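User: Could you take a close look at one part of this model for me? I'd like one connected walk-through rather than a list.

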Amino acid sequence: MSGDVFLSTRCAVVAGREVFAGALQDPEVFAPFATDHGAESLLYTPDRAYEHITGKEWDCATRYSYESYSNTDGAS
C-alpha cells in the first residue's frame, strides 16, 4: 500500500457510521475507500466549511502535515 492509499484509507475511517458498520459486517464494503482517492476529499472539508461560513480562504498551517509518515514522533 502506498503512502497516498494509506492516507486515503485513514480518511475513509471517518466516512460515517454506516460505512464503518458495513465494513465490520463485510470488509469488501470498505474496499472502494482503500484507493488512491477513495476518501481524499475529506481532507479538504474543514477548508471548504470555513470558506463557506466566513467567505474567506482558510490560511491555516497545522503543526503536522496530514501526509502519511510526517508525524514520526506520534505527537498530537
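Is Leu-42 buried, partly exposed or exposed, and what is its relative accessible area? Please set that residue in its surroundings too.

Analyst: Keep in mind that this is a predicted model. Leu-42 is partly exposed, because its relative accessible area is 33%, which falls between the 20% limit for buried and the 50% limit for exposed. As for where that is, Leu-42 sits in the loop that links α2 (17–25) to α3. On the surface, Leu-42 joins Val-13 and Val-14 in a nonpolar patch, and together the three have about 260 Å² of accessible area.

To place that loop, start with the whole chain. There are three helices and zero strands, so the order from the N terminus is simply α-α-α. Of the 76 residues, 17% count as buried.

Now for the inside. The largest nonpolar core has eight residues: Leu-7, Cys-11, Ala-12, Val-19, Ala-23, Phe-30, Ala-39 and Leu-43. Two elements, α1 (3–12) and α2, each give two or more residues to this core, and α1 has the largest share with three. As a general point, nonpolar side chains in soluble globular proteins tend to be buried together.

On the N-terminal side of the loop, α2 has two faces worth a look. Val-19, Gly-22 and Ala-23 are buried there. They lie on the same side of α2, because they cover an arc of only 100° around the axis. That fits the usual helix pattern: with 3.6 residues a turn, residues three or four places apart point the same way. Val-19 and Ala-23 are also among the core residues. The face of α2 turned away from that buried side carries Arg-17, Leu-24 and Gln-25, which are exposed.

On the other side of the loop comes α3, which spans residues 45–54 and includes Thr-54. Like Leu-42, which is partly exposed, Thr-54 counts as partly exposed because its relative accessibility is 35%. The Thr-54 side chain has two polar contacts to backbone atoms. One of its polar atoms lies 2.8 Å from the backbone oxygen of Tyr-50, and the side chain also reaches the backbone nitrogen of Lys-56 at 3.0 Å.

Technical notes: Residues numbered from 1 in each chain as written. Predicted model: local features only at pLDDT ≥ 70, side-chain atom pairs only at ≥ 80, totals over all residues. Heavy atoms only, no water. Helix = DSSP H or I, 4+ residues; strand = E, 2+ residues; numbered from the N terminus. Buried < 20%, exposed > 50% of the residue type's maximum accessible area, 1.4 Å probe, protein only. Polar contact = N/O pair within 3.5 Å; in protein donor to acceptor, adjacent residues only side chain to side chain. Patch = residues over 30% accessible without salt bridge, like charges linked within 9 Å, V, L, I, M, F, W, Y side chains within 5 Å. Areas by Shrake-Rupley, 256 points an atom, 1.4 Å probe, with all protein chains shown as cover. Salt bridge = Lys/Arg side-chain N within 4 Å of Asp/Glu carboxyl O. Arc of directions from axis to C-beta. Core = buried A, V, L, I, M, F, W, Y, C linked by side-chain atoms within 4.5 Å.
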